[in-house]
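Work through the exercises below with the sequence and the structure side by side. Try each task before you read the solution that follows.

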There are 2 protein chains.
Amino acid sequence: MRAVDAGVEWLIEADGCTHEALRSAETLRALLDDVVRRLSLNVVGAPLWHTFPGHAGVTGMYLLSESHLTVHTYPELDLVTLNLYACRPRPEYPWSAELGARLGATRVRVRCVSRALEPVAGDPNDG
Amino acid sequence: MRAVDAGVEWLIEADGCTHEALRSAETLRALLDDVVRRLSLNVVGAPLWHTFPGHAGVTGMYLLSESHLTVHTYPELDLVTLNLYACRPRPEYPWSAELGARLGATRVRVRCVSRALEPVAGDPNDG
């Protein structure tokens, strides 16, 4: 049966973070670089970073040979959200511990969503 | 009650696409630009595009003031996957029709995932 498997995506939301951390591109860059290093991901090109004006948040986006890694912060909600999409199997990053230690997060939700499509019934490649 | 709402993310997978479309950064750029235009999204900075070597796919990533829009293609699987993360309400893009017309997709799955965290029980801001 033909597998139509484009890997998995981790969706992470964490709140209770400190405003300072959520406004610090340096802190967020250190977090994403740690994810890249510990999961042996491969960054392609220069990451995109943007600090929104006033009291708004920061966005970072890494294009990976494994797909992508993104972070968005919402200081007004004490909230950070991350996406890690990996089209090849990767171990799980210790999100709760690291988001607590680095950003002060008090609650972390991690969901792992398959990006696979089920094989088509009666697929001619079905053996 | 304090809402901890960072919007919704659409996760789209579509297969049956033509190899030509999945290897064409121009075709994919036209698709993402159409999404941006029709949903009145705001692109921040220059989008990131990468065409992987050989017969591999193409990745595009747009940083938005609404969060992000990404596309990854897998020509070996006839597959494209997209993410649209919007932290303010947006209408739904006609994914099935456009991915069929532009990429030849024969099957399209669209999921809409909340990025909200439930308010904490007993939150001191709970009115």
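**Exercise 1. Find how many bridges join strand 3 of chain A to strand 4 of chain A, and in which direction the two run.**

Solution. Begin with the elements themselves: helices (H or I, at least four residues) and strands (E, at least two) are DSSP runs, numbered from the N terminus. Strand 3 of chain A and strand 4 of chain A, the latter covering residues 67–74, are joined by six bridges and run antiparallel. One example to locate is L64(A), whose bridge partner in strand 4 of chain A is S67(A).

Before going on, note that this is a predicted model, in which local features need pLDDT of at least 70 and side-chain atom pairs count only at pLDDT 80 or more, while totals for chains, interfaces and linings use all residues. Residues are numbered from 1 along each chain as its sequence is written, and chains are lettered from A and ligands numbered from 1 in the order in which they are written.

**Exercise 2. Work out the strand order of the sheet in chain A, and explain what is special about strand 2 and strand 6 of chain A.**

Solution. First list the elements: chain A has three helices and six strands, which follow one another from the N terminus as β-α-α-β-β-β-β-α-β. Next, use the pairing rule, by which two strands pair if DSSP finds at least two bridges between them. The six strands then form an open sheet in the order 2-3-4-5-1-6, with antiparallel pairing. Strand 2 and strand 6 (107–114) of chain A stand at the edges with a single partner strand each, so each has one side without a neighbour in the sheet. From one strand to the next, the twist averages 10 degrees.

**Exercise 3. Determine which strands of chain A helix 2 lies across, and which helix 3 lies across.**

Solution. For the angles, axes are lines fitted to C-alpha atoms, for helices over the stretch in contact, and angles run from 0 to 180 degrees between N-to-C directions; two residues are in contact if their C-beta atoms, placed from the backbone, lie within 7 Å. Helix 2 (residues 25–38) of chain A lies across strand 2, strand 3, strand 4 and strand 5 (79–86), and runs at about 25 degrees to strand 3 of chain A. Helix 3 (residues 95–103) of chain A lies across strand 1 (8–15), strand 5 and strand 6, and runs at about 140 degrees to strand 6 of chain A.

**Exercise 4. Identify the buried residues of helix 2 of chain B and explain how they are arranged around its axis.**

Solution. Start with the length: helix 2 (residues 25–38) of chain B has 14 residues and reaches 20 Å from its first C-alpha to its last, close to the 20 Å expected, where the expected span is 1.5 Å times one less than the number of residues. Then apply the burial rule: a residue is buried if 20 or more other C-beta atoms lie within 10 Å of its own, exposed if 12 or fewer, and partly exposed in between, with C-beta atoms placed from the backbone. In helix 2 of chain B, L28(B), L31(B), L32(B) and V35(B) are buried. Seen down the axis, the buried residues of helix 2 of chain B fall within an arc of 90 degrees, so they line one face of the helix; the arc is that of the directions from the helix axis to the C-beta atoms. The face turned away from this buried side carries the exposed residues E26(B), A30(B) and R37(B). Finally, what covers the buried residues includes strand 3, strand 4, strand 5 and helix 3 (95–103) of chain B.

**Exercise 5. Describe the side of chain B that touches chain A by its elements and its residue classes.**

Solution. Count first: 25 residues of chain B are in contact with 25 residues of chain A. The elements of chain B that give two or more residues to this side are strand 1 (8–15), strand 2 (48–51), strand 3 (58–64), strand 4 (67–74), strand 5 (79–86) and strand 6 (107–114). Strand 4 of chain B provides the largest share, five residues. By class, the side of chain B that touches chain A divides into 12 nonpolar, eight polar and five charged residues, where Ala, Val, Leu, Ile, Met, Phe, Trp, Tyr, Cys and Pro count as nonpolar, Asp, Glu, Lys and Arg as charged, and the others, Gly among them, as polar.

**Exercise 6. Give the phi of S67(B) and decide whether S67(B) is buried or exposed.**

Solution. S67(B), whose place is in strand 4 of chain B, has a positive phi of about 135 degrees although it is not a glycine. With 26 other C-beta atoms within 10 Å, S67(B) is buried.
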